[in-house]
There are 2 protein chains.
Amino acid sequence: MIFSKSFGYALRSVLYIALTAEEGKRVQIDEIAKKLNVPRYFLGKVMNKIVKEKILDSTKGPYGGFQLNDKTLATPLLRLIHITEGTDQFKNCVLSFRKCNAKRPCPLHHQLEAYKNQLLQLFSETTIGDVLKKNDPNFINSIAIS
Amino acid sequence: MIFSKSFGYALRSVLYIALTAEEGKRVQIDEIAKKLNVPRYFLGKVMNKIVKEKILDSTKGPYGGFQLNDKTLATPLLRLIHITEGTDQFKNCVLSFRKCNAKRPCPLHHQLEAYKNQLLQLFSETTIGDVLKKNDPNFINSIAIS
DNA sequence: TTTATAAAAGACATCAGTGTCTTTTATGGG
DNA sequence: CCCATAAAAGACACTGATGTCTTTTATAAA
């Protein structure tokens, strides 16, 4: 698993809100957790991280819940990765060589570096909104049953 | 970290043995652990897995230790990965979508599939011996200080 | 202002990967 | 055969990610 579960939960939750929230209404975590089949309380903490980073809005109390804000869809996936994963997945040498860089590369450094950079670019330039645009009629299902 | 520490320990240990073992002699785990700066007892378990899979030979008792066998250098890195990691790193959807395949792809499935296949191919066709061949005069150091 | 509601926060449990230590097993040399 | 040696095996601790539950805080509606 390249990425944490937290990242998957976060992305799917935001997509779910984007796809299902009616105009001006909020979506509650109980619903999200149930529809996405994700542990409710753990999801709460993940969502909280995103909210703290202003990528999503939340409101407590009656009629409260989560809703997109003006930054949500423009957020690159890489940002979501950094928020949900403690450490940077792309930083470490794939072969666990501690000293591995252009000057003193591990035997696979150059090939892996190219690969890493490709991934990095993909996740940098792909926003949550981009992912949403790729949807097909079944998209909501593919998120939900995941 | 894409791969486990175990995988890194395993690869570096085998490389260390290949680079330092004198003709017909065995290398002991105390030396490996010390030179590679790796936890000794944990390394013992990792090595044991490799030995069980016949990728490396071990002998107990005086003058015992580890030595390469006729399969060692021909072993693809992917095999070492599979032995040292419980699960298959390449199997899971990068976005943690449970149902993600060609028929019902996650929004990034196709791009990520291409990357995964690149990596998979690289690790399938690169053997431990290949890594060894890429060595330079400092290679032993780059393994040791890692 | 009171109340119901829903997120936030905090305490705690579980699990896998990692790390440490002790006991057991196997083996070469005397 | 006995002994020293080195790997194997087993018990246990630690850590971070994940998962569960309870208590606290904020807010909308009446």
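This briefing walks through the fold of chain A, its helices H3 and H4, the surroundings of two DNA strands, and a few loop residues.

Welcome! The model is predicted, so local features need pLDDT of at least 70 and side-chain atom pairs count only at pLDDT 80 or more, while totals for chains, interfaces and linings use all residues. Residues are numbered from 1 along each chain as its sequence is written, and chains are lettered from A and ligands numbered from 1 in the order in which they are written.

**Chain A as a whole**

- Chain A has seven helices and two strands; helices (H or I, at least four residues) and strands (E, at least two) are DSSP runs, numbered from the N terminus.
- Read from the N terminus, the order of elements in chain A is α-α-α-β-β-α-α-α-α.
- Along the principal axes, the C-alpha atoms of chain A fill a box of roughly 60 × 30 × 25 Å.
- Of its 146 residues, 34% count as buried. A residue is buried if 20 or more other C-beta atoms lie within 10 Å of its own, exposed if 12 or fewer, and partly exposed in between, with C-beta atoms placed from the backbone.
- Among contacts in chain A with a separation of 6 or more, 64% join residues 24 or more positions apart; a contact means that the C-beta atoms of two residues, placed from the backbone, lie within 7 Å.

**The nonpolar core**

- The largest nonpolar core holds 58 residues, and A:Ala10 and B:Ala10 touch the most other members. Such a core is a set of buried Ala, Val, Leu, Ile, Met, Phe, Trp, Tyr and Cys residues joined through C-beta atoms within 7 Å.
- Leaving aside residues up to four places away in sequence, B:Ala10 touches B:Val46, B:Ile50, B:Leu80 and B:Thr84.
- As background, nonpolar side chains tend to be buried together in soluble globular proteins.

**Helix H3 of chain A**

- H3(A) has 13 residues and reaches 18 Å from its first C-alpha to its last, close to the 18 Å expected at 1.5 Å a residue. The expected span is 1.5 Å times one less than the number of residues.
- Its buried residues are A:Leu43, A:Val46, A:Met47 and A:Ile50. They lie on the same side of H3(A) because they cover an arc of only 100 degrees around the axis, where the arc is that of the directions from the helix axis to the C-beta atoms.
- On the face turned away from this buried side, H3(A) carries the exposed residues A:Tyr41, A:Lys45 and A:Lys52.
- The cover over the buried residues of H3(A) includes helix H1 (5-20), H2, strand E1 (56-59), E2 and helix H4 (77-84) of chain A.

**Helix H4 of chain A**

- In H4(A), the buried residues are A:Leu77, A:Leu78, A:Leu80, A:Ile81 and A:Thr84. An arc of only 160 degrees around the axis puts them on the same side of H4(A).
- These buried residues of H4(A) pack against H1, H3, helix H5 (109-125) and helix H6 (128-133) of chain A.

**Around the DNA**

- DNA strand C has 28 residues around it, and A:Gln28, B:Ser4, B:Pro39, B:Tyr41 and B:Gly61 come nearest. A residue is near a strand if its C-beta atom, placed from the backbone, lies within 6 Å of it.
- H3(A) gives the most to the surface near DNA strand C, with five residues.
- By class, the surface near DNA strand C has eleven nonpolar, 13 polar and four charged residues. Here Ala, Val, Leu, Ile, Met, Phe, Trp, Tyr, Cys and Pro count as nonpolar, Asp, Glu, Lys and Arg as charged, and the others, Gly among them, as polar.
- Around DNA strand D there are 28 residues, of which A:Ser4, A:Pro39, A:Tyr41, A:Gly61 and B:Gln28 come nearest.
- H3(B) supplies the largest share of the surface near DNA strand D, with five residues.
- The surface near DNA strand D divides into eleven nonpolar, 13 polar and four charged residues.

**Loop residues worth finding**

- Most residues other than glycine have a negative phi.
- A:Asn37, in the loop between H2 and H3 of chain A, has a positive phi near 55 degrees. A:Asn37 counts as exposed because it has 11 C-beta neighbours inside 10 Å.
- A:Lys54 sits in the loop between H3 and E1 of chain A, with a positive phi near 65 degrees. A:Lys54 is exposed, with 12 C-beta neighbours inside 10 Å.
- B:Glu53 belongs to the loop between H3 and strand E1 (56-59) of chain B. B:Glu53 is partly exposed, with 15 other C-beta atoms within 10 Å.
- The C-alpha atoms of B:Glu53 and B:Ile83 are separated by 7.9 Å, though the two are 30 residues apart along the chain.
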